[in-house]
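I opened this notebook page to record what I looked up about how two parts of one chain meet. The entries follow the order in which I checked things.

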Amino acid sequence: MAELDFVGKSILRKDGPDKVTGRASYTGDIKLPRMLVGRILRSPHPHAKILNIDISQALKLKGVKAVITSEDTLGIKAGFVETPRYPADQYPLAKDRVRYVGEEILAVAATDAYVAEEALSLIRVDYDPLPAVFDPDEAMKEGAPEIHPTHPKVKEPLSNIAGKTQSEWGDVELGFSESDYVREDRFESHLRTHGYLETQITVASYEPGNKLNLWTSSMGPFLKRAKLARLLDLPVSSVRVRKAYVGGAFGGKVDLYSHEFCAALLSMKTGRPVKIEASREEVFTAYRHGQPLIMEVKTGVKKDGTLLAQQIRVINNCGGYRGSGVVVIFLGWGYTMVPYRMANFKYEGYAVYTNNPVRGPQRGHGAPQMRFAVESQLDIIAEELGIDPIEIRLKNARESGEQLPNGDNVHNCGLKECIQSAAEHTQLKEKYGTGRTTASPNGHIRNGIGIGVSSYMSGSLIYPNSSSVSVKMNDDGTATLLTGALDVGQGAETILCQIIAEELKIPFEEIQVIAADTETTPVDIGSWISGNAYVTGNAARMAGTEVRKKLLDLAAEEMEANVKDLVMENKSVWVAGSPDKKISYRKLIGASIQKRRGDPIIGEGHWRTMRDEPFHPSLASTKGRWSENYAFDAQVAEVEVDTETGQVRLLRAVTAHDCGFPINPLLVEGQVDGQVSMALGHALMEEILMKDGHTLNPNWLEYRMPTIHETAKSEHINVITESYEVGRPYRTKEVGEGLVSALLGAIANAIYDATGVRLYSTPFSPEKILYGLGKIGRNQKVS
Amino acid sequence: MHLPRFEYFQPSTVEDAIHLLEIQKSGARLAAGGTDLYPRMKYGLTRPESIISLRDIPVTPPTLSQDGILNLDAFMPIKEVVNSRVILDNAPLLSEAAGRVASEEIRYMATLGGNLCQESRCLYYNQGHNFQFIEPCFKRGGDLCYFVPKGKKCLAVYMSDTAPALMCLNAKVNILGSGGEKQIPIEDIYSGDAKHPLELGPTEILSQINIAKLTGSAGWAYKKFSLRGGVEFAGVGVATVLQMGDGKKVCEQAGITVGAIAASPLRASNAESLLKGKEITDSLLKEAAKAAAEEIKVVPHHGYSTPYLQEILRVQTHRALGTAYERVGVVSQK
């Protein structure tokens with residue numbers, strides 16, 4: 001195999017210098033002439049009818065340029081999911097009724113923030129409060145306050161069901177009856193959030209002639225454009241959404257948000273640019289967080305640890321509208337289906353409306369929660385059977401070529417190697433079980449070790465389904481890459497440039513990028529289904545291959561040689577063995593323009609995962625294929641528990657992962673470390689505290705994200721199962737979500753190993769541990 | 001979020017500051033480092049018509065008087081309190097507590113006096129009230145408590161780290177006002193009412209802190225419990241001093257004070273008397289810690305429950321006493 005010069009190398013990221021020098025321009029840095037400031041009025045009630053809105057006093061205030069309510073809209077609803085089964089369900093501005101605290105009522109545009117905020121204080125809204133419900137178990141009961149009617153396809157006598165997923169194969173009852181041991185547990189996960197540093201922000205500028213320009217902090221411009229055009233009844237081509245640097249997203253900036261719609265409509269009303277920036281408090285109280293799940297898991301095994309049957313019931317507290325709540329109950333099935341063989345399986349997932357803010361995706365989109373439940377229970381089972389945690393996982397782990405029940409194939413699968421290498425690297429087998437019995441010098445510290453496993457899909461079919469990339473050669477022999485992909489910090493632009501550099505043998509630094517502009521760049525799947533490296537990467541590779549072919553054909557013609565004898569390097573081509581007689585790309589481009597009717601050499605590439613599949617699999621039945629690329633990982637956590645205070649410290653996290661192959665090992669490492677830190681926060685300290693639909697800790701001080709003091713040592717092992725060859729499609733795997741997903745279970749298992757306390761809910765707070773150790777009474781709900 | 005509009009004064013003497021306070025009446029607020037005041041203004045929790053900044057008033061370096069009293073200017077930045085050699089040598093407990101205040105950045109801005117004069121805190125109170133918890137609670141001048149809906153009083157918690165240390169050291173503070181200067185024990189600046197935790201009048205300034213130096217036969221410790229390192233306020237903060245007799249075996253005087261569990265720091269008097277006159281053993285320290293956890297009733301706050309905080313109070317008191325005992329005879333921390 002030819003040696004690679006760029007792909008597989010730890011090249012420093014393209015956006016690095018801009019970001020570290022402060023030159024990077026974010027949406028907040030955009031200042032347009034005559035720009036107005038927009039602010040949003042939000043519901044103070046978790047559930048209420050809107051009786052009347054009086055904006056007259058606000059309109060009289062000097063500097064107020066427009067106020068919009070639902071009456072100013074076209075009355076079109078939007079939704080994270082917009083399908084026949086789950087049609088759009090939320091107005092961008094509430095109409096007649098609000099269903100959570102913070103729901104958007106209206107927006108004002110004014111000459112500055114002081115005036116805009118004063119205007120909000122002058123608006124009078126009359127509400128008729130309605131009974132509210134916050135707990136999904138309560139909301140499902142008959143007679144619970146109705147937030148929305150139960151989905152018409154769900155026939156069970158349950159209230160407030162936003163959606164249901166069910167899937168089954170084999171015969172679980174038969175599987176349980178043939179099992180030597182059957183275990184049933186209930187796990188719960190809590191509410192936490194992304195913690196992106198750049199708050200939600202949008203600048204909209206409407207130009208006469210029906211052109212709406214938008215800069216918005218997002219994860220991909222094409223979905224925003226499609227939804228915005230629909231809500232405003234504008235042609236898609238009239239809406240231009242383009243890139244600014246993004247200060248973090250982690251799943252929180254996928255969907256179209258009300259503030260984006262409001263900025264656009266206010267700009268259309270006033271004829272002036274409008275900027276709306278959410279405060280940190282608004283992000284914490286009214287925007288979308290991750291999803292708290294209740295997971296009931298029943299598993300049957302043979303004495304030797306072979307998994308025979310599993311039945312899972314998931315309940316998602318999905319908030320006042322569907323959001324991604326009906327997606328996460330579908331995904332929950334996928335996250336349990338992949339890593340281990342399971343002959344008999346039954347899955348039911350319910351999304352339940354409550355009067356809480358709407359939920360959205362958060363890195364892993366349900367995987368950390370599901371894996372926490374499954375991996376915790378697997379350790380419980382292993383202990384009951386007297387098998388060690390590694391053996392039980394190796395016994396059931398999928399292997400290369402295995403077909404999944406939905407028709408997907410795991411192809412080259414390094415899961416067993418991940419489990420083995422993570423265990424060996426940490427000496428898990430030797431350490432496991434020793435922490436509880438070995439006294440530390442000061443008596444109250446106990447050490448523990450635990451493992452968790454996860455698998456994550458790398459790209460699926462969600463609008464806009466495909467990615468295209470164009471590459472155009474410049475007169476000087478360099479190339480310009482046009483991609484719709486938005487670099488949200490994961491390094492999208494960097495790896496795409498590496499691929500083009502590799503295909504064309506042009507120095508990495510000389511590849512220019514034009515990215516994420518709906519008007520000038522081709523479409524892209526977006527930075528949210530872990531498909532950038534595989535889907536957009538292959539599109540880039542294909543565009544590069546096309547350019548490469550054109551260059552080689554021309555060179556062969558110019559040099560009267562065979563293409564197969566040609567060598568490319570550093571923007572020139574020569575015949576193998578005669579590097580002194582080289583021809584530069586610059587000359588080839590000139591020749592192309594002269595001889596090929598002016599072609600300056602442009603290449604195009606397109607990629608769509610599962611090209612023969614018409615749609616995304618059914619959210620209701622899971623039928624249809626989900627992905628053609630699965631990444632696998634095993635993560636080991638080593639913890640220290642202070643048995644007097646209940647505090648846990650993650651000392652070390654080891655991630656062994658089958659990422660296919662790393663296009664940029666340094667970026668992969670960054671993804672591992674970032675996810676370890678995020679999992680640590682999820683496991684031990686981050687929690688949105690709520691009371692009756694109100695958020696109690698809407699700030700960085702009380703929402704406890706880990707600081708440098710808590711950071712754990714992160715080590716990683718790449719398990720390579722795929723490779724890259726110039727000119728050929730490749731299969732690589734995601735590294736952005738699966739590696740946040742196994743560690744939660746690993747930490748839970750390590751805490752058990754250290755203390756004997758099995759935790760069935762997240763976060764693993766000191767209170768729960770002291771309670772488990774019998775040192776304090778049951779913790780009361782507090783704030 | 002942004003600051004509301006206000007008038008701004010920057011006097012260069014304390015007398016001018018007091019004079020300005022008299023003129024401005026209750027519409028004025030003093031700002032030392034501003035690290036407590038400005039965020040509260042951004043949340044709309046206080047809306048002063050004017051700010052009287054103390055930043056131009058020269059800070060007198062700490063001095064040790066002939067009779068062993070350490071005099072500290074209240075306007076000293078916390079960072080200087082942490083770094084000061086004379087404080088480290090004579091009141092190392094204060095150095096330790098000051099080093100645990102907030103974060104490095106805030107310690108540069110915040111002052112010792114400001115840390116003592118900070119407002120009490122509560123999750124429901126310390127946020128904006130635009131669409132959440134709009135109706136004023138007790139602390140915002142209303143008639144209800146969101147935390148305990150049937151509650152009759154404010155349950156906000158006073159969370160200074162330096163206050164329990166200073167109370168443990170029996171510090172006295174100087175209060176300057178239009179009526180002149182007075183010196184009172186630090187305990188006396190607290191009202192015990194979380195709604196207005198400080199007794200200072202509208203034209204008074206806490207100007208100086210005076211501490212009797214610790215002798216070589218004393219041990220000390222401040223233990224702050226928080227979920228994260230840095231930045232956070234305490235869940236519980238415990239300050240201890242063990243003043244030992246000549247043989248360094250028998251405890252002559254003990255100080256145990258606890259912060260972040262009520263409207264003011266509290267003294268664990270029963271636990272202190274338990275130690276007085278006794279030879280120190282680990283079981284005695286355990287007993288004292290247990291007594292402290294029994295006599296001090298904690299207010300649950302910031303996500304911690306009562307049983308948990310009560311237990312943490314016991315554990316931290318035991319650890320603080322243990323560290324204090326280990327340090328007996330070690331004059332300086334560094």
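Entry 1. I began with polar contacts in this predicted model, and between domain 1 of chain A and domain 3 of chain A I noted seven residue pairs in polar contact, both residues of each pair being at pLDDT 80 or more. On the domain 1 side that touches domain 3 of chain A, I found that α6 (221-232) and β11 (239-242) of chain A each supply at least two residues, and that α6(A) gives the largest share, five residues. Sorting the residues of that side by character, I wrote down ten nonpolar, four polar and five charged.

Entry 2. I then turned to charge pairs and listed three salt bridges between domain 1 of chain A and domain 3 of chain A. I also looked up the salt bridge of A:D517 with A:R240, in which the closest N and O atoms lie 2.6 Å apart.

Entry 3. For the wider layout, I noted that chain A is divided into domain 1 (32-130 + 196-249 + 253-286), domain 2 (293-460 + 616-772) and domain 3 (462-608). The contact takes 19 residues from domain 1 of chain A and 20 residues from domain 3 of chain A, while the centres of these two domains, taken over C-alpha atoms, are separated by 39 Å.

Entry 4. Last, I looked up the area: domain 1 of chain A and domain 3 of chain A bury about 1600 Å² between them, with 63% of it on carbon and sulfur atoms. Within domain 1 of chain A, the residues that lose the most area to domain 3 of chain A are A:M219, A:F222 and A:K243, which together account for 42% of what that side buries.

How values were computed. Residues are numbered from 1 along each chain as its sequence is written. Chains are lettered from A and ligands numbered from 1 in the order in which they are written. This is a predicted model: local features need pLDDT of at least 70, side-chain atom pairs count only at pLDDT 80 or more; totals for chains, interfaces and linings use all residues. Side-chain values use heavy atoms; hydrogens and water are left out. Domain bounds come from an automatic or database domain assignment. Contact means heavy atoms within 4.5 Å. Buried area is the accessible area (1.4 Å probe) that two parts lose on being put together, summed over both. A salt bridge is a side-chain nitrogen of Lys or Arg within 4 Å of a carboxyl oxygen of Asp or Glu. A polar contact is a pair of N or O atoms within 3.5 Å; within protein, one must be able to donate a hydrogen and the other to accept it, and residues adjacent in sequence count only if both atoms are side-chain atoms. Helices (H or I, at least four residues) and strands (E, at least two) are DSSP runs, numbered from the N terminus. Ala, Val, Leu, Ile, Met, Phe, Trp, Tyr, Cys and Pro count as nonpolar, Asp, Glu, Lys and Arg as charged, and the others, Gly among them, as polar.
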